[in-house]
Amino acid sequence: MKVLVVGTGAREHAIADALKEDVELYCYMSKVNPGMSKIAEFKQGDEGEVEKVAEYAVEKDIDIAFIGPEAPLGKGIVDELQKNGISCVGPTQSAARIETDKSFMRKLFEDYNIDGSLVYKVFDNSADVSAFLDEFERDVVVKPVGLTGGKGVKIVGDHLKDNEEAKEYSCEVIDNVMGGFAQVIIEERLIGEEFTIQAFCDGEHLAPMPAAQDHPHAFEGDVGAITGGMGSYSDVGGLLPFLTQNDYDDAVKIMESTLKAIAKEAEPYKGILYGQFMLTADGPKLIEYNARFGDPEAMNVLPLLKTPLIDVCQAIVDGNLDKVEFKDKASVCKYVVPDGYPETEFAGDLVDVDEESIEKLGAKVFYAAVSAEDDGIHLSGSRALGIVASGNSIEEAEKIAEKACEFVKGNVYHRRDVGTTELVNKRVEHMKEILS
């Protein structure tokens with residue numbers, strides 16, 4: 001079986017790592033990922049040039065393509081590959097609108113009465129934004145309609161002082177056509193704890209994975225800019241310390257209803273559906289969907305797979321997906337980034353990674369926005385690599401991951417508090433306060 005993984009980062013490295021023992025592996029990547037280049041035949045090129053990716057897949061006689069990032073999905077890479085007779089793990093351009101067009105997603109919830117929705121409005125001019133916010137008495141979240149790499153969302157009380165600043169930012173989003181749409185979504189701000197459930201989907205059936213919690217703020221103590229994610233954890237039993245089985249099941253039901261609605265409104269959804277939820281006093285509410293694995297959350301769940309990933313891929317393609325099994329372990333991922341990230345002066349610097357020592361501890365390295373060159377591994381301005389460990393508890397996994405981070409040298413930084421007992425307990429106490 002020949003499988004092509006499309007994408008360059010740590011998420012794609014984790015996908016490739018989970019496939020490497022069972023398939024003839026190929027990768028199409030924009031930079032030379034130091035981990036993927038060692039385990040696969042690869043071509044360096046722009047993943048967004050979907051016709052060229054399809055040409056490569058045909059040339060190599062690929063059986064299944066697994067699409068990692070969201071941008072090629074938005075450009076119709078699956079449609080192009082399928083046109084060339086190549087099966088895909090990833091949704092078509094139409095179905096991928098669940099991520100690439102947030103107004104489509106919210107309208108889907110409205111039209112099909114899907115649970116877990118929230119108050120929202122879509123605007124295309126500043127006058128209507130002002131009129132709405134003058135009347136709306138609660139704090140809001142401002143989101144570009146299209147893709148912004150997880151960095152376009154701003155929250156009143158966090159990045160914005162008040163709804164007046166929300167007006168200014170909304171106008172900026174519209175005027176600059178941020179995310180490719182001259183529109184903005186304004187949503188009520190939810191109070192609670194965020195969590196993620198990712199699921200394999202075959203167009204009709206859904207196989208959910210263990211829940212995870214990301215840490216989007218750049219710095220320890222949950223402060224600083226919102227990033228693509230500084231690390232994440234999952235727990236034994238597939239839940240989280242603040243998440244009950246009922247909460248998890250309710251969130252999965254929301255995803256199942258969404259899967260059915262996408263099939264009616266667009267096309268059957270095949271691939272990975274990522275649900276980002278807020279657990280509130282009224283249960284789980286859907287913040288947004290992604291049309292692919294999360295990064296970092298993919299690194300929490302893929303190393304725990306018991307069912308071979310290629311078997312899952314084949315079931316997605318064939319439309320006969322059943323239960324997918326995972327090891328009953330906890331996991332912690334810590335992202336190593338250039339010092340000062342997201343505003344860094346160390347792009348281009350070398351970073352030294354002692355993979356052997358990291359693996360001796362029982363941890364894994366997944367390379368992200370770095371490039372392998374003749375003189376070593378070079379940083380970019382973005383996240384460099386994920387260090388992932390599993391254990392019989394979050395605490396055990398965190399200690400291994402933290403120790404492993406010592407074997408990455410250079411002008412780099414990571415959040416030492418991700419997965420610590422102190423921070424996890426803070427989440428639990430916060431949820432108790434909300435529920436009381």
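## Helix α12

In α12, the buried residues are L309, I310, V312, C313, A315, I316 and V317. The helix spans residues 309-318 and is mostly covered, with seven of its ten residues buried. All of this describes a predicted model.

What do the buried residues of α12 pack against? Their partners are two strands early in the numbering, β1 (2-6) and β4 (64-67), along with helix α1 (10-19) and strands β5 (87-89), β10 (193-202) and β16 (270-280). Just after α12 comes G319. Its phi is positive, at about 80°.

## Helices α7 and α10

Helix α7 covers residues 102-111 and helix α10 covers residues 245-265. Their axes come within 10 Å and cross at roughly 105°. Angles of 65 to 115 degrees count as roughly perpendicular, and α7 and α10 are therefore roughly perpendicular to each other.

On the α7 side, the contact is made by F104, L108 and F109. On the α10 side, I254, T258, A261, I262 and E265 take part. By class, the residues of this contact divide into six nonpolar, one polar and one charged.

## E188 in strand β9

Strand β9 runs over residues 184-188 and includes E188. Is E188 buried or exposed? The relative accessible area of E188 is 14%. The cut-off for buried is under 20%, so E188 is buried.

The side chain of E188 makes a polar contact with the side chain of R138, at 3.2 Å. R138 is also one of the residues that E188 touches beyond four places in sequence. The others in that set are L118, V119, F136, D139, V140 and V141.

## D214 in strand β12

D214 sits in strand β12, residues 213-214. Which residues does D214 contact, leaving aside neighbours within four places in sequence? They are G228, G229, M230, G231, S232, P296 and E297.

D214 can also be placed relative to E194. The two are 20 residues apart in sequence. In space, their C-alpha atoms are 7.9 Å apart.

## Domains

The protein chain is divided into three parts: domain 1 (2-92), domain 2 (119-188) and domain 3 (193-424). E188 is the last residue of domain 2 by these bounds.

How far apart are the C-alpha centres of domain 2 and domain 3? The separation is 27 Å. Contact between these two domains involves six residues of domain 2 and seven residues of domain 3.

Notes
Residues are numbered from 1 along each chain as its sequence is written. This is a predicted model: local features need pLDDT of at least 70, side-chain atom pairs count only at pLDDT 80 or more; totals for chains, interfaces and linings use all residues. Side-chain values use heavy atoms; hydrogens and water are left out. Buried means under 20% relative accessible area, exposed over 50%, partly exposed in between (1.4 Å probe, protein chains only). Helices (H or I, at least four residues) and strands (E, at least two) are DSSP runs, numbered from the N terminus. Contact means heavy atoms within 4.5 Å. Axes are lines fitted to C-alpha atoms, for helices over the stretch in contact, and angles run from 0 to 180 degrees between N-to-C directions. Angles under 35 degrees count as roughly parallel, over 145 as roughly antiparallel, 65 to 115 as roughly perpendicular and the rest as oblique. Ala, Val, Leu, Ile, Met, Phe, Trp, Tyr, Cys and Pro count as nonpolar, Asp, Glu, Lys and Arg as charged, and the others, Gly among them, as polar. A polar contact is a pair of N or O atoms within 3.5 Å; within protein, one must be able to donate a hydrogen and the other to accept it, and residues adjacent in sequence count only if both atoms are side-chain atoms. Domain bounds come from an automatic or database domain assignment.
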